[in-house]
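Work through the exercises below with the sequence and the model open. Each task is followed by a solution in steps.

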Amino acid sequence: MIRALLVDDEPLARDELAALLGETGQVEVVGSCGNAAEALPAIRQLRPDVLFLDIQMPAVSGFELLAMIDPEILPRVVFVTAHDGYAVKAFEESAADYLLKPVEKERLARTIARLREGTVGPAPLQLAAPVKRIPCLGHRAIKLVDVAEVEFVRSSEAGVYVVCPAGEFFTELTLKVLEERAGLVRCHKQYLVNIDRVDEISLGDNLLGVVRTKGGQEVPVSRRYLARLKERIGL
Amino acid sequence: MEPRSDLLYILTELARALAIFVVAFYLYCRSPLFRPLKTEWLEPKARLSLYLFFSGIAIIGSHLGVWLPGGAVANTRAVGSTLAGILGGPSLGVLVGLTAGAHRVSLGGYSALAGAVATTLEGLMAGLVHLHFRRRGTPERLLDWKLAFGITFLGEVVHMGIVVLLARPLSEAIHLTQVIGPPMILANSAGAALFMTVVRDRQSVYDQVAAASSAHSLGIAARTLEILAKGFDATSARALAQVILEETAVGAVAVTDTVQVLAFVGQGSDHHGAGPIMSPLSRQAIDGNELVFKDGVKDHFVCPLHSGCPLDSVLVAPLRMEGTVLGTVQLYEPRGKRFRNMNRSLGEGLTALLSNQLLLARYQEQKSLLVVSELKLVQAQVNPHFLFNALNTIVAVLRKDSGRARELLIHLASFFRKNLKRQADLATLGEELEHVSAYLEIEKARFADRITVETEIDGSLLELKLPTFTLQPVVENAFKHGLSHMMKPGVARIRAYRQGAAALIEVEDNAGAYQDPGDQGGLGMRIVDKRIKNLMGTDFGLTISCVPQELTRVTIRVPIPEATA
């Protein structure tokens with residue numbers, strides 16, 4: 001059985017796709033999510049084989065979501081769209097698979113056959129948009145933090161936290177994704193800092209530096225990353 | 001004749017010469033060759049006429065002079081060369097001076113040469129003054145009688161000096177200047193000044209005529225603008241001919257297109273009327289794209305239809321649009337009534353004016369066509385995303401509840417039918433709301449519990465007229481760019497209420513995601529605004545306010561007509 005996760009903001013669209021997939025008898029729908037914030041933890045926990053990903057979704061589009069998934073656990077991706085001339089052209093060029101809504105059974109059967117053969121091309125990361133907003137868990141709601149407002153990001157046993165003037169928020173995004181796709185700079189094994197928010201860098205005596213952010217926060221800088229950080233700042 | 005030499009006698013004689021000059025001046029000013037200050041002035045023909053006229057004046061000035069003992073003549077020759085210089089420049093002044101001087105020399109006398117030189121020099125002086133004012137760009141100052149008086153006065157003083165210098169014996173020359181100096185200086189200066197006053201009187205008559213004909217033209221312009229705004233056809237041609245007939249009081253007026261007479265009003269309309277063009281004059285004007293004029297004096301209009309036609313003179317002026325002849329406007333006068341020059345120039349100007357008005361009318365027609373075609377574009381441009389998502393939703397619903405799916409399909413059909421069908425300019429608010437509600441039913445099904453729609457409509461406004469397709473693009477915008485991108489529950493509010501003599505229709509969402517689309521996007525919204533302003537005035541239309549992350553409110557403001565107020 002192919003284990004699939006559905007991501008679509010329209011509940012009826014998810015239901016329909018789940019029903020169609022169920023009818024094939026070859027796919028097990030392990031979960032369905034209505035937005036990026038739900039999808040990220042689901043991917044991490046459920047480790048699906050394939051993601052059926054809607055492109056037009058509220059706040060974070062399918063392409064943006066793609067950019068937020070840790071490449072190490074990125075499943076194969078089948079895009080689902082109602083109409084998007086430009087995107088369809090891009091999929092064809094990249095050999096990624098895609099379905100058009102309403103989904104035809106025969107077309108879906110072909111997709112499943114390709115998934116079984118393992119010939120679904122890799123998700124086209126060139127389509128992945130740069131991450132400009134980071135979906136975080138706020139109080140009972142999903143908060144989208146602008147990357148420009150981020151002071152720094154820290155990772156601990158409890159998870160990854162985005163620190164901004166409004167406070168500290170838990171995010172599903174990994175440090176690696178934030179470093180590569182959001183343009184934050186590594187200054188420590190467990191810290192990323194926003195170069196635009198750096199106020200000063202001071203060197204401690206034990207070869208550990210400290211970055212002071214414009215918001216008055218202190219972020220440790222390890223020796224390993226100090227040179228690169230200085231370079232990025234232009235020192 | 002016994003020569004007399006007292007001052008009063010000389011002055012009286014010179015004044016007599018001036019009286020003859022004034023008559024000559026008057027006649028010359030009326031001639032078509034004399035148009036001071038016009039651009040074509042000083043073309044070879046006008047120069048020749050100036051030369052001949054003022055040489056004549058100068059020679060007559062010598063002849064009508066008073067012969068004094070010894071062969072000297074007290075004269076008004078200087079009027080000719082000075083005026084020629086003032087009006088025509090140095091070369092003309094000198095030329096008249098030389099001509100009159102040569103004539104003077106031929107008459108003989110001890111002061112002949114001095115007089116000839118002085119006349120030429122005065123022409124030159126006046127010519128230099130002419131150059132001065134032309135170069136300063138104020139040639140109208142040349143027509144000032146005080147200037148003419150001053151220049152001639154100075155010129156005659158110089159004349160006397162030259163007589164003293166050149167005429168011999170010296171004692172006689174000095175005596176001569178004492179006798180002829182004062183009357184000649186006075187008479188010549190007065191003569192030149194008189195000429196200018198004649199010119200000025202003539203000019204003011206022209207101005208009055210010009211003012212009257214401008215007033216006429218403007219009157220016609222105001223009346224025809226409205227007529228031609230409706231296009232150029234038999235109906236507007238008839239109205240046009242009637243207006244021209246009333247305003248010009250000519251015998252008859254005809255308007256044609258390029259193949260037939262569209263309207264004929266006035267004398268001769270018993271046998272002239274709508275029908276194919278018969279007159280060769282009309283064909284000549286149309287085919288040659290030229291003005292045809294038969295003045296009824298040398299050339300006559302010959303009616304091709306009826307031998308007893310009273311019409312005798314005609315002006316046929318082509319109507320043009322961007323260089324192409326569309327038709328003609330024709331002004332007729334009957335036998336025995338002169339075709340007035342004023343009506344002739346009016347007729348010429350009129351066709352230029354009408355051509356411009358036609359161009360304007362076409363421009364406005366095209367402008368409104370453009371709005372219509374933009375609207376069609378927006379209508380045709382049903383968001384494919386909406387269509388396929390709607391179909392997908394219905395497919396999904398069909399699996400569980402075929403009755404509900406049926407309802408949704410009918411809503412979708414109704415939405416598309418309204419999109420395709422509605423082409424009238426105006427719809428009622430009720431109709432607009434129905435269109436929107438078909439759309440909302442589908443969107444509500446798509447987004448299920450994520451979106452709620454609240455409406456609050458003043459029932460008395462349901463018959464209010466709006467341009468078709470006002471509400472739907474605004475509501476669609478709220479979904480497409482606002483509500484569909486929200487993670488938290490979305491609320492759309494549609495309200496309609498009165499505010500004084502206006503009705504306000506508000507479409508509000510709680511996404512607060514509006515961004516000014518600039519020149520690129522927002523075509524649908526721009527057209528909504530443009531159409532309301534076009535149909536209802538610039539006080540009305542669309543306003544958008546946005547509190548980021550909280551709400552976007554689009555307010556449509558339209559007038560409430562008296563009847564429903």
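**Exercise 1: the interface**

Task: state how many residues chain B and chain A give to the contact, and how much area they bury.

Solution. With contact taken as heavy atoms within 4.5 Å, chain B contributes 21 residues and chain A 23 residues. The two chains bury about 2000 Å² between them, 58% of it on carbon and sulfur atoms; buried area is the accessible area (1.4 Å probe) that two parts lose on being put together, summed over both. The model is predicted: local features need pLDDT of at least 70, side-chain atom pairs count only at pLDDT 80 or more, and totals for chains, interfaces and linings use all residues. Residues are numbered from 1 along each chain as its sequence is written, chains are lettered from A and ligands numbered from 1 in the order written, and side-chain values use heavy atoms, without hydrogens and water.

**Exercise 2: salt bridges and helices**

Task: count the salt bridges across the interface of chain B and chain A, and find which helix of chain B gives the most residues to the side that touches chain A.

Solution. A salt bridge needs a side-chain nitrogen of Lys or Arg within 4 Å of a carboxyl oxygen of Asp or Glu. The rule finds five across the interface of chain B and chain A. R399(B) and E23(A) form a salt bridge through their side chains, at 2.7 Å from N to O. Next, helices are DSSP runs (H or I, at least four residues), numbered from the N terminus. On the side of chain B that touches chain A, α11 (384-400) and α13 (429-447) of chain B each supply at least two residues. α11(B) gives the most, with 12 residues.
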